[in-house]
Amino acid sequence: MEGKSDNIARRMGQLLKFERMNQQITIAKIAMDLHLNPSTIVSIEDAKHQAHFITVYKIIEYLKIDPVVFFNGIRGEESLLS
């Protein structure tokens, strides 16, 4: 059974992956530009890794996602799950 943090990680990963793919940015490119291991990006997108806030924020900035929209997107689904 998934916990609330698992649901948050899953939704966050889905949103980041959707936006990265929508912008046609490869995992290799974003990892290189942000000085991250590509497996970190994959793990975040697949909700296998609960990333540090600063890592998520770097990705959000890199993808030019409005943080309010991003976190509201996560919260929007969470309110349905609560």
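This report describes the fold, the confidence, the core and selected side-chain pairs of a predicted model of one protein chain.

## Overall architecture

The protein chain is built from five helices and has zero strands. Read from the N terminus, its elements follow the order α-α-α-α-α. The chain has 82 residues, of which 30% count as buried.

Contacts that link separate parts of the sequence can be described by how far apart their partners lie. Among contacts between residues at least 6 apart in sequence, 68% join residues that are at least 24 apart. The surface that the protein chain exposes amounts to about 5,400 Å², and carbon and sulfur atoms supply 58% of this area.

## Confidence of the prediction

The average pLDDT of the protein chain is 88, and 89% of the residues score at least 70. Confidence varies between the helices: the mean is highest in α2, at 98, and lowest in α5, at 71.

The end of the chain calls for separate mention. Over residues 78–82, pLDDT stays under 50. For this stretch the model has six contacts beyond four places in sequence.

## The nonpolar core

The largest nonpolar core contains 18 residues. Within this core, the residues that touch the most other members are Met12, Leu16, Ile30, Ile59, Leu63 and Phe70. Helices α1, α2, α3, α4 and α5 each give two or more residues to the core.

Leu16 illustrates how these residues meet. Apart from residues up to four places away in sequence, Leu16 touches Ile44, Glu45, Ile59, Ile60, Leu63, Ile65 and Phe70. Three of the residues just named deserve a further word. Ile59, Leu63 and Phe70 are, like Leu16, among the core members with the most contacts to other members. Phe70 is buried, with a relative accessible area of 3%. Glu45 is likewise buried, at 9%, and takes part in a salt bridge with Arg20.

## Salt bridges

Side chains of opposite charge can pair when their charged atoms come close. The structure holds two salt bridges. In one of them, Glu45 pairs with Arg20, and the closest N and O atoms are 2.6 Å apart. Glu45 belongs to helix α3 (residues 38–45) and Arg20 to helix α1 (residues 4–22), so this salt bridge ties together parts that are 25 residues apart in sequence. Glu45 has a relative accessible area of 9% and is buried; Arg20 also counts as buried, at 7% relative accessibility.

The other salt bridge joins Asp33 and Lys29, with 2.7 Å between the closest N and O atoms. Both residues lie in helix α2 (residues 27–34), and because they are four residues apart, about one helical turn separates them. Asp33 counts as partly exposed, at 29% relative accessibility. Lys29 is partly exposed as well, with a relative accessible area of 38%.

## Aromatic pairs

A pair of aromatic rings is described by the distance of the centres and the angle of the planes. The whole structure contains three aromatic pairs. In the pair of Phe53 and Phe71, the ring centres are 6.2 Å apart and the planes stand at 20°, so the pair is stacked. This pair links distant parts of the chain, since Phe53 lies in helix α4 (residues 53–62) and Phe71 in helix α5 (residues 67–81), 18 residues apart. Phe53 counts as exposed, at 54% relative accessibility, whereas Phe71 is partly exposed, at 34%.

Phe71 also pairs with Phe70. The centres of these two rings are 5.1 Å apart and their planes are at 85°, so the pair is edge-to-face. Phe70 is buried, with a relative accessible area of 3%. Through ring pairs, Phe53, Tyr57, Phe70 and Phe71 are linked into a cluster.

## Gly73 and its distant partners

Gly73 is a residue of helix α5. At 23% relative accessibility, Gly73 counts as partly exposed.

Leaving aside neighbours within four places in sequence, Gly73 is in contact with Arg11 and Leu15. The C-alpha atoms of Gly73 and Arg11 are separated by 8.3 Å, although these residues are 62 residues apart along the chain.

Notes
Residues are numbered from 1 along each chain as its sequence is written. This is a predicted model: local features need pLDDT of at least 70, side-chain atom pairs count only at pLDDT 80 or more; totals for chains, interfaces and linings use all residues. Side-chain values use heavy atoms; hydrogens and water are left out. Buried means under 20% relative accessible area, exposed over 50%, partly exposed in between (1.4 Å probe, protein chains only). Contact means heavy atoms within 4.5 Å. Accessible areas come from the Shrake-Rupley method with a 1.4 Å probe; for residues, only the protein chains shown count as cover. A salt bridge is a side-chain nitrogen of Lys or Arg within 4 Å of a carboxyl oxygen of Asp or Glu. Rings of Phe, Tyr and Trp (its six-membered ring) pair if their centres lie within 6.5 Å; planes under 30 degrees apart count as stacked, over 60 as edge-to-face and the rest as tilted. pLDDT is the predictor's confidence in each residue, from 0 to 100. A nonpolar core is a set of buried Ala, Val, Leu, Ile, Met, Phe, Trp, Tyr and Cys residues joined through side-chain atoms within 4.5 Å.
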